[in-house]
Amino acid sequence: MKKILFILFTISTLAVTPSACTSQMQLDEKQIIAWPSNRTYSDSGVFYGNFTDDSTIYYYSADTGISMPLCNKPDCTHNRLTSPECNALADYPLGICAAGDYLYFMENGSESDTIMVRADVNGGSRRNIASVEYGALSSLTERMYYHNGKLYYTSLYNIDTELLAKTNDFKYLEKPISNICSIDLTSGEVKILAEKQDYEARISNLAVYEDTLIYFYSWFTAPASGENGQRTDEEFAETYHYGIYTVDLTTGEEKCITAGYDRMALANPCFDHFSYDRLIFYSDDTHDLLSYNAKDSTFTAFAKCVNINIWYMSDDKSALFLENEEDEYFCRYDFDTGEISHISREGFDLFWLNGTITGEKAWFSYTNDSMESYIGYMSRDDLMNGKYDDFTVAYYVNEET
């Protein structure tokens, strides 16, 4: 399927809230940046970077069913060689988000730094509002999250940046450094909010609720003994750990809320619709789904899930999951009542139940039998009620344009 490309980008297709200036910026909290941070979903459409054609920023409008580059220049080819001043071109843009009259995204602006960019909604009038030193040498692809005028993001450094700054020599760290930073989108101030260092340290998910940062952290307590970083099953079980941590953003106080549980994670989609009374945790050891009581920090198991990485979805109303591979039904958990209903799997043709719910739409990344990868969506209510026949293919990933 070929895209229909419009050179003129109309801002009416975006669900954004106008604002008079950046200090009064209002973010649409239903814009959800999906891993690996190069797609941003909302009910109205998707921002995404197409890295096969000069890292072009596109917007797919669910209103029109059209994907188009974010450029309003007449006769522009949207090609770095023939139209180097194209508004839609960027250096591997991540975390593309609409706020008021502007777009925000990060890109690799130099050999070592990553730049925070503000632009008009058509991609023009760009301004660098912050610079992350050595950001291009880190992994910024795990998670990005906009909240109250700030961008929160995770990063991972395998390079000794202090040595690099002093001597310009590269040295790989035995224990990488993983952290969470924030960028104030008005002042450009960059802050480190949490930092961990250990064997294969990895902070891979985050959310902000009121004045609390919450994140998922995993690590190994010893290096791998085998060649090429291989571990035996016993070694893996003994040295691999993970849990959920919180940071009070007013005091800096940090704690592990899953202390006492060896391997406890938040079901990933819960980070997209975060609130303490809607948390579901998952035990990799028992496959239990557990609700959380923030008042006394207790967990209550209420169901099983065969694998939350591929058979779990939720928003702020319901969670849908699969208890056993052979079951002919999904389970739907109602957050308000705590009741579980059975929803037929008949007609669900996607390979897995793991997508992004933005409000009225449920978005999926999918690869078909012909190995074509694409993004598509269905009604959120249809999904939660077992009606899967009205699925729309939005665009093909990395399709030549």
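Y312 stands opposite F321, a residue of strand β23. This pair is a good place to enter the model, which is predicted. Strand β23 covers residues 318-321, and β22 is its antiparallel partner over three bridges. Now widen the view. Four strands build an open sheet here, and their order is β22-β23-β24-β25. The pairing is antiparallel. Which strands form the edges? They are β22, residues 312-314, and β25, residues 340-344. Each of these two pairs on one side only. The sheet is not flat from strand to strand: neighbours are turned by 20° against each other on average, direction ignored.

Next, go to another open sheet. This one has five strands, in the order β1-β2-β3-β4-β5. Again the pairing is antiparallel. Look at its edges. β1 (32-34) and β5 (66-69) have a single partner strand each, so one side of each is left without a neighbour in the sheet. The average turn between neighbouring strands of this sheet is 25°, direction ignored. Zoom in on β2 and β3. Strand β2 spans residues 39-42 and strand β3 spans residues 45-50. Four bridges pair them in the antiparallel sense. Find T40, then look across to β3: its bridge partner there is F47.

Now find a hairpin. Strand β12 takes in residues 172-184, and strand β13 takes in residues 190-197. The two run antiparallel, joined by seven bridges. Within this pairing, I180 stands opposite A194 in β13. Between the strands of the hairpin lie five residues. What is the phi of G188 in this hairpin? G188 takes a positive phi near 80°.

Last, turn to the cysteines. A disulfide is a covalent bond between the sulfur atoms of two cysteines. How many disulfides does a search of the whole structure find? The search finds zero. C76 and C86 show how a pair can miss the mark. The closest cysteine sulfur to that of C76 belongs to C86, and the distance is 3.6 Å. A disulfide here needs the two sulfur atoms within 2.5 Å. The sulfur in C86 is therefore too far from that of C76 for a bond. Check it from the other side. C86 is in no disulfide, and its nearest cysteine sulfur is that of C76, 3.6 Å away.

Are these cysteines buried or exposed? Buried means under 20% relative accessible area. C76 has a relative accessible area of 10%, so C76 is buried. C86 has a relative accessibility of 6%, so C86 counts as buried too.

Note on methods. Residues numbered from 1 in each chain as written. Predicted model: local features only at pLDDT ≥ 70, side-chain atom pairs only at ≥ 80, totals over all residues. Heavy atoms only, no water. Pairing = 2+ DSSP bridges. Axes fitted to C-alpha atoms, helices over the stretch in contact; angles between N-to-C directions. Buried < 20%, exposed > 50% of the residue type's maximum accessible area, 1.4 Å probe, protein only.
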